[in-house]
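User: I should like to learn how to read the interface between two domains of one chain. Please take the structure below as the case.

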Amino acid sequence: MKSQTRPNSAYLFLIPALAFVLVAELIPVIYTTYFSFTEWNFITPPKWVGFSNYLNVFTTPVLINSLKNTALWVIGTLIFAVAFPLFIASLINLVPVKSIFKAIFIIPSTFSPTVAGIFWRRVLVSRQGALMPLFESMGITLQPLLPNPDINTYILIGVWIWQYFGINLLLFLVGLDTIPRDPIEAAVIDGANYRQVFTHVTFPLLRPIVLLVVANAIINSIRMFDIPWVMIEGGPGRASETLAISLYRESFLLFRMGLGSSIAVVISIFALLASYRYLAALGKEKVAL
Amino acid sequence: MKKGLVKVLVLAGSLLLVWTFFLAGAGAEVREFSLFHDNPEFHSSWINLGEASAEDIGIRAVPTDYETEIYASRVKIDLTTPRAPAVFKWWFGYRAFELWDAGLLADLSEVYEEVGEYIAPGIKEALSLDGVPYALPFNVGYWVWYYSKAVYDQYGLDLPETWEEFEEQMAFFKEEGIYSIGNTIGVSRWTSFIVFQEILYRLDADFYYRLVNGQARYTDPTAVEAMEIWKDWLEKGYFAPMDATFVEDIPRMLNEGSLAFAPFGDWYGGILQDQGLVPDEDYGVFIPPAINPEGEGAIILEISPLCVGVNSPDKELGKEWLKWYASSESAAEILWGELRFPSTLNITVDMIQEDDPVLARVFELVEDYPNAMIRYWEATPVEIVEHAVDEFNSMLVSPGRYMEILESIENRAKEVWPNYGVEY
Amino acid sequence: MNIKMKAHYMVLVYVILIVLAVVWMFPLVSMATLIVKSPAEFNAFPFWSLPEIQAMPGNLAENFRAAMVDAEIGYSFFNSLIYAMIAGVGSAFLSSLAGFALVHLRIRAPQSWFMTIFIGNMFPFQMFLIPLYLFLNALYLYDTRLGLALVYLGICIPFALFVYRNYAFTLPRDFFDAAMVDGASKWGSFYRLFFPMTIPAFAVVFCFQFMWTWNDLLFGLILSERYRPVMTALMRLSGARATVPEPILVTGAIVASLPTVIVLLVMLKFFVRGFTLVTEK
């Protein structure tokens, strides 16, 4: 390679994107990290407090509850919005009327989480909701579901799955379509049954797409904000808060910017840890996953 | 190279032009300043107020309605900068104290000197800290109980005159399949303190006063007794379904006669009227009787203040505007005609009587209640209120936890009071 | 897959799929009954009662009008269109430049540059909120359409670059080297060769980032007041202070979803291709 004497104009192509990312994301990350070590209520200047905010994240009961809820969101998403659609995709592949099912499941994914929340709140509320009359006609009177702190996180996760399921299903169907036929046919000829074919042949071939979906599912669920916020604002009280809602509430409603920022950092660390494999694979040149 | 430089200069120049174009204000004849508020439902009236003042005195208030949820943080950040709003709606009591303490609110003595006569007596003192007035009233409201005329007419009942009658009626409503109390979670968490406040000061008004001022404890017998009454009501099923909203569902339930009471500030009449209820025909107000003699004569007061940001470059305009706001007939017309807010003395008792007999009734009723106390939301430090409100929400769905809840609030109070120089 | 399943398994498969499909359709069907009612009918009758069939189109039209005009969803719809177009087109274009440079031009340590940009995608958005608010305030861009559009654009770049870079790897490098030996400038070979050849990547990036920006709630909630994007406006209308009647709110929510539905349908081809694009080696 020849050595260059003039400044390399190739960097000019890179600079606009880099500048945007620096200003919109990387510098803010540094700021937020700094705030996370301070106490700041907006009206008096930030005061350095070391790690005490982080200590609070893991010792304050409401925040422990958010950590627990966020864990539920991640687990629920992985089971019901990743594993389950993979299973359903393999079922849909068995039936002749694929496109009808595909359409039905993909429609909710075209709505935003905000819209999904608005729909489902109307379905679930006790006054003029869609669900209660059906139960009443069967002689069952349900207590209001959303304000019930024991079950509402599960209901909110259900709404998210309703919304998120279709896009992953579509991905898996695409993946299944692009899998070469030969290994499967070979396995079938060797006498493998459906389950064996799936676990030993189909799934390994789907691995790249599964990894991508898993990484996205973790990142999306770990920062879940929209659905619990639109449907019940993390309530009643703070019962159904996720980390992202706690962050918002601590920062913007309770004016503990420092604590809010440290929650942001904690979410980031979890997200980075969870998607580490994805990142590590990216680190290798030319490997797209 | 030179050509390139010219290009850059031309580009920069045109950018600058575009920039100034975007930033340029309107014409110079009418001076403008920004006004912040968090009531989307009042926004059109704020615009009308701004336009009316532009016509009257050549100062236009340009209102922005913020997301209620970020309003407070937005205002707090801006108050420390020259972007501070000239006039903004805030809360009084401890919520204003924070800002006052940080030196962010302008002294409005001058405004009161000129137009104080238009403000009801006692308000200036309520809106003063260290003897310096920091705000004008946007709305002054008392806390009463709204009741459904449909329910009372159907059963031919009279309003309860003693606490026993009050509880008997609620038991009766329960038997009839009618909800008694419209205080729910819905989608607004702040309303959860209402029933606690309403029971507590009826038990002992002085205790309520001492509690919010850090001289009594949440685990004291009176507070526990209030929680026990509340728990009892919750467990008996007196409350409307917890997912009902107070702006839509509760008005409808009062209207159709499936709900008897809703405890709110007297601004709630405006919400009821928006939902198509007619004062005196569909709803009325009453003040439930005290439980103990110590609870007699007490009432809860709420003032929404308008403050001036001390760092705003337009603060003098803001003060001028507030003088107009307090004294002019056209402001009073909008405040009363559109919002039903009797904010200034330009709004007379006759006007109120004619347009909103229920609100007039509130003013009549409160004359027998000389002991006006501040609403819980503003009466005690913000850090305690916010925590208590969350805990009270959980009370609404799991009343059995009431002692745990009191202890939790007590712990927070212990942490917070020393920051306010109160030995607790 | 052509694996033969026993008949009773197939029955089970159908039962599972149909039950699931019914659950999935339930909210949509109930919302469909809602938007053909007038607010007065909604309040007066049980949820599942329907109005006269002749009255439905009129009710729907009136709900639509009330949502767009009275509840001002039309206005925020327009705002969102601006944000999503700028973020979609802008991030695709800037990333195509950067992707070209990273893969086909001589740059030291392209992998590190890529990771520097891509790491932005790994942080939860809440990480950026407060500083962005302070930046916009300092630049006098707070509460302007331009300010929020630039924020969305910036947030969209890491993922856009990810897609572009992967796509660029599929193009032979010699091709661009040859073009430059023939005297084409870097800009020329980008403009005449790379950009046209990567139109599928452009479509994928645009599709993704348009949808993301359109669906965003959080940034709109914190960084806008007068120029609210549509999801933030909907959130407000459904929140504690809102008194918008439910049929109007839901009609508005459905209208607000139409652009993403259209983008998704029209570009489904590209969209699916996009996923293979990001996973393909």
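User: How many salt bridges are there between domain 1 of chain B and domain 2 of chain B?

Analyst: A salt bridge is read from a side-chain nitrogen of Lys or Arg within 4 Å of a carboxyl oxygen of Asp or Glu. In this predicted model, the count between domain 1 of chain B and domain 2 of chain B is two. B:Arg95 and B:Glu386 form a salt bridge through their side chains, at 3.4 Å from N to O. In addition, seven residue pairs are in polar contact across the interface of these two domains, with both residues at pLDDT 80 or more.

User: Which element gives the most residues to the side of domain 1 of chain B that touches domain 2 of chain B?

Analyst: Two or more residues on that side come from each of helix 4 (94-101), strand 6 (135-148), strand 10 (298-308) and helix 17 (357-366) of chain B. Helix 4 of chain B gives the most, with four residues. By class, this side of domain 1 has nine nonpolar, four polar and five charged residues.

User: How many residues of each domain of chain B are in contact, and what area is buried between the domains?

Analyst: In chain B, 18 residues of domain 1 are in contact with 28 residues of domain 2. The area buried between the two domains is about 1,800 Å², and carbon and sulfur atoms give 59% of this area. B:Tyr94, B:Arg95 and B:Glu302 supply 40% of the area that domain 1 of chain B buries against domain 2 of chain B, more than any other three residues.

Key:
Residues numbered from 1 in each chain as written. Chains lettered and ligands numbered in written order. Predicted model: local features only at pLDDT ≥ 70, side-chain atom pairs only at ≥ 80, totals over all residues. Heavy atoms only, no water. Contact = heavy atoms within 4.5 Å. Buried area = accessible area lost by both parts, 1.4 Å probe. Polar contact = N/O pair within 3.5 Å; in protein donor to acceptor, adjacent residues only side chain to side chain. Nonpolar A, V, L, I, M, F, W, Y, C, P; charged D, E, K, R; others polar.
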